[in-house]
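Colleague: I am new to this model and would like a close look at one part of it. Please start with the ring pairs and then go on to the ligand site.

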Amino acid sequence: MYDSIPENPYLLLTPGPLSTSKGVRSALLRDWCTWDDDYNQEVVQKIRGKLTTLASRSSEAYTAVLLQGSGSYGVEACLGTALGQEGKVLILANGAYGMRMVRFMEYMNRPWTLLPFDETEQTDPVRVEELLKKDKRITHIAMVHCETTTGILNPVEEICRLAKKYQKTMIVDAMSSFGGIPMDLEDLGIDFLISSANKCIQGVPGFCFVIARRELLKQCQGNAHSYSLDLYDQWKDMDKTGKWRFTSPTHTVRAFLQALTELEEEGGVQARYERYAENQRLLREGMERLGFQELLPREIQSPIITSFLYPSEDFHFGAFYQKMKEKGFVLYPGKVSRRETFRIGNIGEIYPEDIENLLKSIKEVMA
Ligand SMILES: *Cc1c(COP(=O)(O)O)cnc(C)c1O
C-alpha cells in the first residue's frame, strides 16, 4: 500500500522526533487549505475529539488546544495562560525539562518556586507536602511525568493527590509519556497536560497540544504573557471553527490524525504501552548481558527511554554512535550532568525484533 514511500536510512532510537510509520509519512503528501472544512472539521476537530477521548473517560470535562511549535512552546504557553499575574507555581524538577519550566518563569517574571531533586531520584511527595504547608501563596504545581533527561518516571498520582488536598491547579508535562503510558486525567486530577505531535502518538514534529480542564481554561482570558502563546485565545477560535489563529502546520497536523488512527488500530494506549514495555525489557536484559549498566533502578525506570552508563573509562560515545549509525541505528547522547551516560529510546515505530537487531549490532560494535 505504501510501496512508493521510501525506507528511512536508519531507525531513530530517540525520544522524538522518532521513527514514524509509512502510513504517517504518506499522510504528508497532500496540501490543505486552512479555511476549508476538509481541514478544519475533518482534520483539526477530529484530532481534538480524539485527544480528549484519549485523555479521560470523562472526556467532556476536557478540551484540547493545538498550538504551533515544539513541545516547549506548549509548556510555556500553558504556564503563562494557566497562571496569570497572580498565580505562583511550584515547579518540581529532577532533570532538564523541569528546569526548563524555571527558565520560562524567569522570562515571564512571574512568581515561582523550585523544589529540586537529584536527577536519579523521583520527586518526593513528602517534601512537596511540607512546602505546600509552608508557602500559602502557591496556586499551581507543575511537574514532568517522564523526565526524558534520564527516563525516570515521576509519581504523578501522589503529587496530584496533594494538589487536590491543598486545592492547587495541577500542570503536567507529559510530553514523552502521553499516548504511551495509560493515564486518565480526571481520575488522576490533572488540570492541564502538555504533549506534542512527535512523541508517543508517533507523529512528525511541528505542533504541541494542551489538554485542559474546560472550566479552568474558561477562566484564563487575559492571563497570558504573550499573544502568540495565549492558549485561551487560540482555544476560543479553534473551539468554534477548528481554525488556528495563525498558519497551522497543515501537513504535520494531517499526519498526526493518521498517527492517532494507527494508535487506535494498534489497540490503544494500553497496547502501545505493552509494546514499549516489551521493547524496554528486551533492551535492559540484552544490554545487561553485554555488560552495560543502567543509570536508574528498574522500579523508577520508564518504558520510554533508558540511560546507560559508559561501560569503561576509554569508551567513546562519538565513535560508538558513528558505528551504530552505519549499522542502521541512531542513538542519543546523555543529558545527565554528573555521570557519563548515553540514552536509547524505544518509542516510535520500533518493535521487539528491532531491539533484537540493535543488540546484535551493539555486540558486534563492542567487539
Ligand atoms: C520532548 C520534551 C519536551 C519538549 O521539548 P521540545 O524540544 O520543545 O520538543 C518537554 N518535556 C519533555 C519531558 C520532553 O520529553
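How many aromatic pairs does the structure hold? Please take one pair in detail, and then tell me which residues are around the ligand.

Modeller: Keep in mind that this is a predicted model. The structure holds 18 aromatic pairs. A pair of aromatic rings is described by the distance of the centres and the angle of the planes. One of the pairs is formed by phenylalanine 178 and phenylalanine 209, with ring centres 5.8 Å apart. The planes of these two rings stand at 65 degrees, and planes over 60 degrees apart count as edge-to-face, so this pair is edge-to-face. The pair links distant parts of the chain, since its two residues are 31 residues apart. Phenylalanine 178 is in the loop between strand 8 (169–173) and helix 7 (185–188), while phenylalanine 209 is in strand 10 (residues 207–213).

Now the ligand. The residues around the ligand are Ser70, Gly71, Ser72, Tyr97, Arg100, Val144, Cys146, Thr148, Asp173, Met175, Ser176 and Lys199. By type, this shell divides into 4 nonpolar, 5 polar and 3 charged residues. Helix 3 (71–83) and helix 4 (96–108) each supply at least two residues of the shell.

Some of these residues have an atom paired with an oxygen atom of the ligand. For serine 70, a polar side-chain atom lies 2.5 Å from a ligand oxygen. For lysine 199, a polar side-chain atom lies 2.8 Å from an oxygen atom of the ligand. Glycine 71 takes part through its backbone, where an N or O atom lies 3.3 Å from a ligand oxygen. Taken alone, the ligand exposes 380 Å², and the protein buries 86% of that. The space that the ligand takes is the largest pocket.

Two details of the backbone can be added. After helix 4, which supplies shell residues, comes asparagine 109, in the loop between helix 4 and strand 4 (112–116). Asparagine 109 is not a glycine, yet it has a positive phi of about 60 degrees. The other detail is a cis peptide bond that joins glycine 16 and proline 17, with omega about -5 degrees. Proline 17 has its place in the loop between strand 1 (11–12) and helix 1 (22–26).

Terms used:
Residues numbered from 1 in each chain as written. Predicted model: local features only at pLDDT ≥ 70, side-chain atom pairs only at ≥ 80, totals over all residues. Heavy atoms only, no water. Near = heavy atom within 4 Å. Polar contact = N/O pair within 3.5 Å; in protein donor to acceptor, adjacent residues only side chain to side chain. Areas by Shrake-Rupley, 256 points an atom, 1.4 Å probe, with all protein chains shown as cover. 1 Å grid on protein atoms, 1.4 Å probe; cavity = no way out; pocket = protein on both sides within 12 Å on 5 of 7 lines; lining within 4 Å. Sits in = over half its atoms within 2 Å of the grid points. Helix = DSSP H or I, 4+ residues; strand = E, 2+ residues; numbered from the N terminus. Nonpolar A, V, L, I, M, F, W, Y, C, P; charged D, E, K, R; others polar. Phe/Tyr/Trp six-rings, centres within 6.5 Å; stacked < 30°, edge-to-face > 60°.
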